[in-house]
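Hi everyone, thanks for making time for this. I'd like to walk you through one structure today, so let me put it up on the screen.

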Amino acid sequence: YQASELIKQGRKTSTWRLNDDKDLRVNDQISFLDKVTAGDEESWVEFGDTTITSILEKRFGDLTSNNFEGSENYATNDEMIKAFQRYYGDKIDYNAPVKIIHFDPLVPDAKSAKNIGLPEEVKIYTDGGSRGNPGPSAGGFAILDMANNVVKKSGKYLGITTNNQAEYHSLKGGIEAARDLGVKRVHVFMDSLLVINQMKGIYKIKNKDLLPIHQAIKQIVSAFEEVEFTHIPREMNKLADSIVNETLDNLR
């Protein structure tokens with residue numbers, strides 16, 4: 001697949017820029033341009049907008065195949081550099097500065113959801129984590145259809161927060177994404193018993209810092225026909241957990 005097709009399918013959520021002079025930052029809105037025929041500007045087509053979730057800066061010589069989503073797979077860094085030099089010439093060497101940019105998967109607007117076969121009922125797995133509690137934190141979620149196919153997944157760096165704040169932010173991100181997809185019925189799964197029971201009204205919210213985001217989520221939830229909250233063991237939430245850890249690892 002071409003990179004643009006992988007992005008459209010939600011299978012590619014990162015790109016890289018060589019010798020970049022643009023002041024790109026986390027949470028910036030960016031648009032994608034498909035250069036159908038590179039030398040013919042009339043063939044270029046914008047195909048979606050997204051939000052930057054993290055930016056990692058490295059020397060090109062420090063990159064590995066893991067930094068490239070898609071079909072690229074190189075046995076050694078030398079092989080990778082030679083392959084890119086065939087396209088970019090002397091601009092590529094071991095010391096060339098590169099930005100690895102991670103972004104949210106593209107999401108069609110709600111009006112077009114039915115036209116492209118998006119489900120009306122989904123499962124959402126969410127997780128949040130803080131390395132330090134409070135410390136550097138991230139939230140992650142994965143939206144699956146009822147046959148367990150991934151519809152959308154995303155991770156976001158949250159700054160310095162507590163574990164509970166990160167859990168709530170991850171839930172808010174997943175619920176908002178499902179709403180934007182035009183979903184009607186949602187089954188939420190989290191390994192945070194606190195958040196699940198607070199959303200179900202079983203536990204009271206004693207931490208005032210959590211009250212605003214709790215109320216915001218309740219308002220979003222009211223837009224659905226049905227929302228069910230279920231607590232699951234940590235080992236059943238590995239997908240969302242891996243998104244959180246990948247987001248935090250990319251900050252290094």
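Let's begin with a lysine: in which strand does K123 lie? The answer is β5, the strand that runs over residues 121-130. Before I go further, please keep in mind that this is a predicted model.

So, what is going on around K123? This lysine is buried, yet it has no salt bridge. If you look for a side chain of opposite charge, the nearest is D145, and that one is 7.3 Å away. A salt bridge would need a nitrogen-to-oxygen distance within 4 Å. What the side chain of K123 does have is a polar contact with the side chain of N148, at 2.8 Å. Setting aside the neighbours within four places in sequence, the residues in contact with K123 include A142, I143, L144 and M146. H187 and F189 are also among the contacts of K123.

Hold on to F189, please, as it comes back now. How many aromatic pairs does a search of the whole structure find? The count is 1. The partners are Y125 and F189, whose ring centres are 5.0 Å apart with the planes at 20°, so this pair is stacked. The two rings come from distant parts of the chain: Y125 sits in strand β5, while F189 belongs to strand β8, residues 185-190, and 64 residues separate them. Are these two residues buried or exposed? Both Y125 and F189 are buried.

Now for the charged pairs. There are 9 salt bridges in the structure, and I'll pick out a few.

Let's take K184 and E120, which form a salt bridge with their closest N and O atoms 3.9 Å apart. K184 is in the loop between α3 and β8, and E120 is in the loop between β4 and β5, so this bridge ties together parts of the chain that are 64 residues apart in sequence. As for accessibility, K184 counts as partly exposed at 27%, and E120 is partly exposed too, at 30%.

Next comes R131 with D249, where the side chains meet in a salt bridge at 3.1 Å, N to O. Here R131 lies in the loop between β5 and β6, and D249 lies in helix α6, residues 238-249, so the parts being tied together are 118 residues apart in sequence. R131 is partly exposed, with a relative accessible area of 37%, and D249 is partly exposed at 33%.

The side chains of R185 and E225 also meet in a salt bridge, at 3.6 Å from N to O. R185 is in strand β8 and E225 is in the loop between α5 and β9, so this pair ties together parts 40 residues apart in sequence. R185 is partly exposed, at 24%, whereas E225 counts as exposed, at 58%. There is a little extra here: E121, R185 and E225 are linked in a network of salt bridges.

Let me turn to helix α3. Why does its length make sense? The helix has 18 residues, 163-180, and at 1.5 Å a residue these should span 26 Å; the end C-alpha atoms are 26 Å apart, which agrees. The buried residues of α3 include A166, Y168, L171, I175 and A178. E167 is on the buried list as well. Just after the helix, G182 takes a positive phi of about 85°.

That brings me to some backbone details in the loops. Where is the cis peptide bond that I want to show you? This bond joins N133 and P134, with omega at about 0°. P134 is placed in the loop between β5 and β6, and N133 is placed there as well. N133 has another feature: its phi is near 45°, a positive value in a residue other than glycine. N133 is partly exposed, with a relative accessible area of 42%.

N27 also has a positive phi, near 80°, and again this is a residue other than glycine. You'll find N27 in the loop between β1 and β2. With a relative accessible area of 42%, N27 is partly exposed.

To close, back to where we started: K123 is buried and has no salt bridge, but its side chain makes that polar contact with N148. Thanks for listening, and I'm happy to chat about any of this.

Methods
Residues are numbered from 1 along each chain as its sequence is written. This is a predicted model: local features need pLDDT of at least 70, side-chain atom pairs count only at pLDDT 80 or more; totals for chains, interfaces and linings use all residues. Side-chain values use heavy atoms; hydrogens and water are left out. Helices (H or I, at least four residues) and strands (E, at least two) are DSSP runs, numbered from the N terminus. Buried means under 20% relative accessible area, exposed over 50%, partly exposed in between (1.4 Å probe, protein chains only). Lys and Arg count as positive and Asp and Glu as negative; His and the chain ends are not counted. A polar contact is a pair of N or O atoms within 3.5 Å; within protein, one must be able to donate a hydrogen and the other to accept it, and residues adjacent in sequence count only if both atoms are side-chain atoms. Contact means heavy atoms within 4.5 Å. The expected span of a helix is 1.5 Å times one less than its number of residues. Rings of Phe, Tyr and Trp (its six-membered ring) pair if their centres lie within 6.5 Å; planes under 30 degrees apart count as stacked, over 60 as edge-to-face and the rest as tilted.
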